[in-house]
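Dear colleague,

Please find below the structure that I am handing over to you, followed by an account of what was found in it.

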Amino acid sequence: MHKETMLNGTLWNELEIPSAATINPPLHRASTVLFTNYAEMCAVGRNEYDGITYGTDRLPVQRCFEETMRRLENAAATRILPSGIEAIRSALMAFLQAGDHLLVCDNAYLTGQRFCDTILAKFGVTTTVLPATAGAEEVEQFIRPETAAILLESPGSITMELQDIPAVCAVAREHGLVTLFDNTWATPLHLDPFALGVDVILHSLSKYIGGYSDVLAGSVSVNERCAETFTEFYRLMELYTPAEVSALCLRGLHTLEVRLKRHEQSALTLARRLEQHPLVDRVLHPALESHPEHHLWKRDFTGSAGLFSLLLKREYPEAELGRFIDHLKLFRLGFSWGGYTSLLTAAKVPRRTACRYADRTVIRLNIGLENVEDLWNDLEQGLEQL
Ligand SMILES: *Cc1c(COP(=O)(O)O)cnc(C)c1O
């Protein structure tokens with residue numbers, strides 16, 4: 001064999017290197033996946049091959065992550081995607097076609113709403129926005145003969161309104177709609193959307209499941225009714241996520257339960273203290289008795305998370321609010337959430353239906369894994385600047 005042939009990687013497939021029983025699945029970097037003989041290659045063309053055919057055909061670590069999520073959520077099938085927004089986009093595209101009408105709750109992830117209004121509209125799908133707290137009767141009023149799907153997010157990740165999920169799902173089911181539900185806030189540990197009648201569960205894995213602010217990924221899990229449509233869409237689109245991303249999400253899952261407990265406890269402690277703070281008007285956290293839909297949270301969820309919001313009694317000009325925010329040392333400024341670092345965002349929330357918090361600056365806190373007393377001290381000294 002000439003040296004240049006030796007360099008060209010035939011060795012890995014020839015050498016008999018023993019396989020290693022590592023705790024974690026092997027990570028493959030691959031476009032090409034080899035067949036052992038021509039008969040196997042021909043079987044692919046006939047749709048009779050059950051091995052992995054190509055890099056986009058869900059490499060082993062991805063299959064391991066997807067199967068773990070599938071079992072956690074009790075889904076018929078789960079697929080990983082390159083981001084949470086890609087999960088939303090793909091699920092909508094899989095279940096909608098030109099001429100269809102879509103319902104979206106007003107507190108759903110904003111980038112997803114923008115996709116509906118612009119790109120889906122271009123392909124002939126019209127969207128109607130529902131009030132963030134829409135119940136069964138309101139949803140019923142908005143349904144048209146061509147309504148095909150409804151997208152819910154509860155609690156909405158900024159203003160924290162909840163929908164009556166089982167009631168809305170029941171109406172949707174009666175009218176033959178597909179119900180899609182963004183479960184990023186509660187994670188599979190604190191809400192079981194399929195048990196409430198949801199058909200499709202969406203996640204931004206970039207939040208609690210990724211857990212370390214170093215990965216962008218999403219997932220779509222479907223029930224039996226929607227499994228064929230979505231898995232076929234996924235196969236046709238060849239939606240590819242690098243194996244490293246699946247490995248990081250799988251690694252995040254291993255510590256999800258312990259991290260989420262801490263996020264939850266610290267957030268509750270801070271939310272209760274903030275409620276008593278003289279400058280604070282309202283704390284928007286579904287696990288607080290003061291939350292308008294607390295009864296729904298209590299009925300449907302088994303826990304809360306580390307993300308909540310608050311409204312101050314006064315509306316401050318940007319520079320003055322900035323004094324408070326820029327004085328914080330532990331709360332950093334940045335989008336996304338669910339990681340170990342505490343984060344803050346503050347903005348007026350754009351809304352298209354009547355909203356309790358119209359024209360109010362909503363301060364959203366992502367409570368990280370820092371010591372809770374340190375976080376409280378940070379907030380207190382920051383608020384003193386106002
Ligand atoms: C962040 C987020 C998304 C989008 O996820 P990315 O992974 O950032 O694309 C979707 N839904 C909710 C509720 C989110 O918070």
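**The largest pocket**

Strand β11 supplies the largest share of the lining of the largest pocket, namely six residues. Please bear in mind throughout that this is a predicted model. The volume of this largest pocket is about 910 Å³. Its lining is made up of 47 residues, and those closest to the centre are Tyr109, Ile158, Phe335, Ser336 and Arg364. Two or more lining residues come from each of α5 (84–95), α6 (110–122), β6 (200–204), β11 (343–348) and β12 (361–366). By class, the lining of the largest pocket holds 22 nonpolar, 17 polar and eight charged residues.

**The five-stranded sheet**

Strands β11 and β12 also belong to an open sheet of five strands, which has the order β8-β9-β12-β11-β10 and mixed pairing. Its edges are formed by β8 (280–284) and β10 (332–333); each has a single partner strand, so one side of each has no neighbour in the sheet.

Working through the pairs of this sheet, one finds the following:

- β8 and β9 run antiparallel and are joined by four bridges; Leu284 stands opposite Ser309 in β9.
- β9 and β12 are likewise antiparallel, with four bridges; Phe308 has Leu365 in β12 as its bridge partner.
- β11 and β12 form an antiparallel pair over six bridges; here Ala346 is matched with Ile363 in β12.

Is β9 enclosed by the rest of the structure or left open? Six of the six residues of β9 are buried, so the strand is largely enclosed by the rest of the structure. Both of its faces are covered: Leu307, Ser309 and Leu311 are buried on one side, and Phe308, Leu310 and Leu312 are buried on the other.

Helix α13 (residues 318–326) lies across β9 (307–312), β10, β11 and β12, and runs at about 170° to β11.

**The seven-stranded sheet**

A further open sheet consists of seven strands in the order β1-β7-β6-β5-β4-β2-β3, and its pairing is mixed. At its edges stand β1 and β3 (126–130), each with a single partner strand, so that one side of each is without a neighbour in the sheet. On average, neighbouring strands of this sheet are turned by 20° against each other, direction ignored.

Within this sheet, β4 and β5 (residues 178–182) are a parallel pair over five bridges, and Ile150 has Thr179 in β5 as its bridge partner. Helix α10 (residues 224–237) packs on the sheet and touches β1, β5, β6 and β7, its direction making about 35° with that of β1. Helix α4 lies across β1, β6 and β7 (218–222), and runs at about 130° to β1.

**Two loop residues**

Ala76 is located in the loop between α4 (60–73) and β1 (77–81). With a relative accessible area of 27%, Ala76 is partly exposed, because this value lies between the cut-offs of 20% for buried and 50% for exposed. Which residues does Ala76 touch, not counting those up to four places away in sequence? They are Arg70, Val222, Asn223, Glu224 and Ala227. The C-alpha atoms of Ala76 and Ala227 are separated by 6.2 Å, although the two residues are 151 residues apart along the chain.

Ser157 is placed in the loop between β4 (147–153) and α8 (165–174). Its relative accessibility is 11%, and Ser157 therefore counts as buried, the cut-off being under 20%. Neighbours within four places in sequence aside, Ser157 is in contact with Asn107, Leu307, Trp337 and Arg364. Of these contacts, Leu307 is among the buried residues of β9, while Arg364 is among the residues closest to the centre of the largest pocket.

**Cavities**

How many cavities of 30 Å³ or more are there? The count comes to two.

The largest cavity contains about 60 Å³ of space. Its lining consists of Leu312, Arg314, Glu315, Tyr316, Leu321, Thr361 and Ile363, which divide into four nonpolar, one polar and two charged residues.

The second largest cavity contains about 30 Å³ of space. It is lined by Ile88, Ala108, Tyr109, Leu151, Glu153 and Asp182; four of these are nonpolar, none is polar and two are charged. Tyr109 is also one of the residues closest to the centre of the largest pocket.

With kind regards

Methods:
Residues are numbered from 1 along each chain as its sequence is written. This is a predicted model: local features need pLDDT of at least 70, side-chain atom pairs count only at pLDDT 80 or more; totals for chains, interfaces and linings use all residues. Side-chain values use heavy atoms; hydrogens and water are left out. Buried means under 20% relative accessible area, exposed over 50%, partly exposed in between (1.4 Å probe, protein chains only). Contact means heavy atoms within 4.5 Å. On a 1 Å grid over the protein atoms alone, a cavity is a set of points where a 1.4 Å probe fits but cannot get out, and a pocket is an open set with protein on both sides within 12 Å along at least five of seven lines; lining residues have an atom within 4 Å of a point. Grid points are joined across faces, edges and corners, and a volume is the space filled by probe spheres set on the points. Ala, Val, Leu, Ile, Met, Phe, Trp, Tyr, Cys and Pro count as nonpolar, Asp, Glu, Lys and Arg as charged, and the others, Gly among them, as polar. Two strands pair if DSSP finds at least two bridges between them. Axes are lines fitted to C-alpha atoms, for helices over the stretch in contact, and angles run from 0 to 180 degrees between N-to-C directions.
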